[in-house]
Amino acid sequence: MRLILLGAPGAGKGTQANFIKEKYNIPQISTGDMLRAAIKAGTELGLAAKKVMDAGQLVSDDIIIGLVKERLKEADCANGYLFDGFPRTIAQADAMKDSGVKIDYVLEIDVPDELIVERMSGRRSHPASGRVYHVKFNPPKVEGKDDVTGEPLVQRDDDTEETVKKRLAVYHNQTEVLLGYYNKWAESGLPGAPKYRKISGVGPVEQVRDAAFAALAD
Ligand code: AP5
Ligand code: ZN
């Protein structure tokens, strides 16, 4: 299974990626998680990316495309992969197409903007695993601790209301165009074209998970 998860910030890409990667035994390639790991490690890339991410803007296409191409060379991608938060621009999508990276499904998770700020303000994450919680909608078993490791959960620096609003605007200006891009490719019926599926991301996490599983089985 090789797929792309598309959706606004806070649509639930990371949450659903955790279910899908387990079901299909594929790695989750989250460019956001990769950048946050670089920030934590204090690399040059991390230092440069932090400023851009805290401003709610996109990191440059060249850097992101380079990161993903390197990641795809790793052995665990042989069985498939799940892109989360990538591609985010036409240039990124074209780069994948041009280098022959195969995609079976594009899954769009649709959530209206009005629900996003509340989702972000209550988000808590476990960076090492990519597991995501919400204080109200998806609470961990023990407050502030990851369910599996018991390690402390953290809040993301870019989850302030002000930055979330900027990220939403960037999504509408630069990333939403990819919905049409992949829809059109899917409809072309050309060899290698992916299947395009759209589900609602509103409702309990398990309900969205079941809709995602059904969409990917179709
Ligand atoms: P990234 O980390 O990709 O962030 P994002 O796309 O803004 O998406 P989020 O991770 O915020 O949301 P999500 O859809 O994963 O939702 P989640 O499951 O966590 O990118 C961060 C930054 O890095 C970018 O701004 C950019 O600067 C840079 N970057 C990354 N990739 C890049 C690229 N390709 N090109 C350029 N720059 C790039 O859920 C959110 C919350 O809602 C959680 O609390 C969760 O528990 C809760 N929730 C989930 N599902 C539900 C539900 N059904 N009901 C209620 N609550 C729910
Ligand atoms: Zn995410």
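This section describes the sheet, the nonpolar core, the ligand shell and several loop residues of a predicted model.

The central feature of the description is an open sheet of five strands, arranged in the order β2-β3-β1-β4-β7 with parallel pairing. Strands β2 and β7 (195-200) form the edges, each pairing on one side only. Averaged over the sheet, and with direction ignored, neighbouring strands are turned by 20 degrees against each other. Strands of a sheet pair through backbone hydrogen bonds, either parallel or antiparallel.

Strand β3 can be followed through its pairing with two neighbours. With strand β1 (residues 2-6), β3 pairs in the parallel sense over four bridges. Within this pairing, I4 has F83 as its bridge partner, and L5 is partnered by D84. Strand β2 (residues 28-30) is also parallel to β3, and three bridges join the two. Here S30 stands opposite D84 of β3. D84 is thus named in both pairings, as the partner of L5 and as the residue opposite S30.

In a regular strand the side chains alternate between the two faces of the sheet. In strand β3 (residues 81-84), Y81 and F83 lie on one side and L82 and D84 on the other. The four residues are all buried, and both faces of the strand are therefore covered.

Two helices were examined against the sheet. Helix α8 (residues 177-188) packs on the sheet and touches β1, β4 (105-110) and β7. The direction of α8 makes about 135 degrees with that of β7. Helix α9 packs on the sheet as well, touching β4 and β7. For α9, the angle with the direction of β7 is about 160 degrees.

The largest nonpolar core comprises 32 residues. Those with the most contacts inside this core are L3, I4, L5, L82, F83, V106 and L107. At least two core residues are supplied by each of β1, α1, α2, α3, α4, β3, β4 and α9. The surroundings of L82 illustrate one part of the core. Leaving aside residues up to four places away in sequence, L82 touches L3, L5, A17, I20, K21, I26, Q28 and I29. Of these contacts, L3 and L5 are themselves listed among the core residues with the most contacts.

Ligand 1 is surrounded by 35 residues, of which P9, G14, G32, G85 and R123 are the closest. Two or more residues of the shell come from each of α1 (13-24), α2 (31-41), α3 (44-54), β6 (131-134) and α9 (205-216). By class, the shell contains 14 nonpolar, 16 polar and five charged residues.

A separate pairing is formed by strand β5 (residues 123-126) and β6, which are antiparallel and share four bridges. In this pairing, H126 stands opposite R131. The two strands form a hairpin with four residues between them. In the turn, G130 has a positive phi of about 85 degrees.

Two backbone features were found in loops. Most residues other than glycine have a negative phi, and most peptide bonds are trans. N25, in the loop between α1 and β2, has a positive phi near 55 degrees although the residue is not glycine. N25 is exposed because 10 other C-beta atoms lie within 10 Å, and a residue with 12 or fewer is counted as exposed. The other feature is a cis peptide bond between F86 and P87, with omega about -10 degrees. P87 belongs to the loop between β3 and α5 (90-98).

Two further loop residues are partly exposed. S60 is found in the loop between α3 and α4 (61-72). S60 counts as partly exposed because 14 C-beta neighbours lie inside 10 Å, which falls between the limit of 12 or fewer for exposed residues and that of 20 or more for buried ones. From C-alpha to C-alpha, S60 and P112 are 27 Å apart in space, with a separation of 52 residues in sequence.

P194 lies in the loop between α8 and β7. With 18 other C-beta atoms within 10 Å, P194 is also partly exposed. Beyond residues up to four places away in sequence, P194 touches I103, D104, Y105, V106, Y182, W185 and A186. P194 and I65 are 129 residues apart in sequence, and the distance between their C-alpha atoms is 20 Å.

Notes. Residues are numbered from 1 along each chain as its sequence is written. Chains are lettered from A and ligands numbered from 1 in the order in which they are written. This is a predicted model: local features need pLDDT of at least 70, side-chain atom pairs count only at pLDDT 80 or more; totals for chains, interfaces and linings use all residues. A residue is near a molecule or strand if its C-beta atom, placed from the backbone, lies within 6 Å of it. Ala, Val, Leu, Ile, Met, Phe, Trp, Tyr, Cys and Pro count as nonpolar, Asp, Glu, Lys and Arg as charged, and the others, Gly among them, as polar. Two strands pair if DSSP finds at least two bridges between them. Axes are lines fitted to C-alpha atoms, for helices over the stretch in contact, and angles run from 0 to 180 degrees between N-to-C directions. Two residues are in contact if their C-beta atoms, placed from the backbone, lie within 7 Å. A nonpolar core is a set of buried Ala, Val, Leu, Ile, Met, Phe, Trp, Tyr and Cys residues joined through C-beta atoms within 7 Å.
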